[in-house]
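This report describes the surroundings of the ligand and then turns to the aromatic pairs.

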Amino acid sequence: MTETNRLLFELEGAQGQRFSPYVWRTKMVLAHLGIDYQSQGVGFTDIGQAAGGGFKTVPILFEGQVCVSDSWAIAETIIDQTDGALFGGPAGRSFARYLHDWSSLGMLGSILRLNAVTIWQDQAPKDQDYFRRSREKRFAKPLEELCPDPQGELKALSRALRPLDSALGGQPFFGGQTPIYADYILFGNAQFARCSGPHAILSQNPGLEAWFERCLNLHGGLGRSEPSYIERHAR
Ligand SMILES: N[C@@H](CCC(=O)N[C@@H](CS)C(=O)NCC(=O)O)C(=O)O
């Protein structure tokens with residue numbers, strides 16, 4: 001593998017859907033920095049054998065002989081190989097780390113509850129079994145009972161997102177006129193919602209909704225090139 005021949009392992013659904021929030025963060029960083037890579041889609045049950053084995057989650061990025069897993073470690077590795085500006089300085093890096101942890105605990109759990117059934121439906125049969133078993137064990141409930149009140153879940157999520165909505169209502173990106181890594185963390189989460197289910201999670205947060213449209217247009221419309229759940233089901 002040459003230096004320019006990086007390989008990114010990313011989650012894919014039965015029809016090749018790319019919906020992982022963490023992988024989207026990595027893809028936006030690679031696109032932002034103009035770094036070429038090849039992509040290898042894997043189902044949930046292929047992750048353990050991917051990249052020589054030993055990994056439990058994607059993204060996994062092979063760079064030459066070095067293999068890095070975990071979106072945060074990947075971001076640090078590739079951004080710090082440049083001048084580091086994509087973090088937006090030390091404060092931007094701390095804010096990004098806060099968003100990374102905050103969203104794993106809150107926002108992503110909410111999207112997973114809302115879209116658990118549609119995510120399950122979108123997997124290949126072998127991955128459906130794994131996804132159902134692992135998530136039902138984690139939540140101690142059938143997937144179908146994870147979100148008894150979708151409207152209530154959406155309301156609570158939009159309330160939790162209000163501080164981010166007001167921050168982004170006043171400027172194009174967290175980084176000002178251009179995105180920083182914090183934008184790509186939040187983008188990955190919103191893209192996960194867009195690609196994995198029918199709910200318009202940002203409809204009560206106009207600042208975030210406009211910001212997400214801007215992000216979808218970045219890098220030649222990279223994010224928009226992935227069909228949304230609604231687009232896929234309108235065909
Ligand atoms: N902290 C990790 C989390 C990555 C993660 O949870 N990825 C999910 C896909 S969105 C995964 O690979 N899950 C595998 C599984 O559930 O078995 C990161 O930031 O990369």
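In this predicted model, the shell around the ligand comprises 15 residues, of which Val-58, Asp-70, Ser-71, Tyr-130 and Arg-135 come nearest. By class, the residues of that shell divide into 8 nonpolar, 4 polar and 3 charged. Helix H1 (21-32) and helix H5 (125-139) each contribute at least two residues to the shell, and the ligand itself sits in the largest pocket.

Polar contacts between side chains and the ligand are listed below.

| Residue | Ligand atom | Distance to a side-chain N or O atom |
|---|---|---|
| Asp-70 | nitrogen | 3.0 Å |
| Tyr-130 | oxygen | 2.3 Å |
| Arg-135 | oxygen | 2.8 Å |

Taken on its own, the ligand has 520 Å² of accessible area, and the protein covers 82% of this area.

Beyond the ligand, how many aromatic pairs does the structure hold? There are 11 aromatic pairs in the structure, and one of them is formed by Phe-44 and Phe-131, whose rings lie 5.5 Å apart, centre to centre, with 40 degrees between their planes, so that the pair counts as tilted. A stacked pair would need planes under 30 degrees apart, and an edge-to-face pair would need planes over 60 degrees apart. This pair links distant parts of the chain, since Phe-44 belongs to the loop between strand S2 (37-42) and strand S3 (60-63), whereas Phe-131 belongs to helix H5, with the two positions 87 residues apart in the numbering. Helix H5 thus carries Phe-131 of this aromatic pair and also supplies at least two residues of the shell around the ligand.

Terms used:
Residues are numbered from 1 along each chain as its sequence is written. This is a predicted model: local features need pLDDT of at least 70, side-chain atom pairs count only at pLDDT 80 or more; totals for chains, interfaces and linings use all residues. Side-chain values use heavy atoms; hydrogens and water are left out. A residue is near a molecule or strand if one of its heavy atoms lies within 4 Å of it. A polar contact is a pair of N or O atoms within 3.5 Å; within protein, one must be able to donate a hydrogen and the other to accept it, and residues adjacent in sequence count only if both atoms are side-chain atoms. Accessible areas come from the Shrake-Rupley method with a 1.4 Å probe; for residues, only the protein chains shown count as cover. On a 1 Å grid over the protein atoms alone, a cavity is a set of points where a 1.4 Å probe fits but cannot get out, and a pocket is an open set with protein on both sides within 12 Å along at least five of seven lines; lining residues have an atom within 4 Å of a point. A molecule sits in a cavity or pocket if more than half of its atoms lie within 2 Å of its grid points. Helices (H or I, at least four residues) and strands (E, at least two) are DSSP runs, numbered from the N terminus. Ala, Val, Leu, Ile, Met, Phe, Trp, Tyr, Cys and Pro count as nonpolar, Asp, Glu, Lys and Arg as charged, and the others, Gly among them, as polar. Rings of Phe, Tyr and Trp (its six-membered ring) pair if their centres lie within 6.5 Å; planes under 30 degrees apart count as stacked, over 60 as edge-to-face and the rest as tilted.
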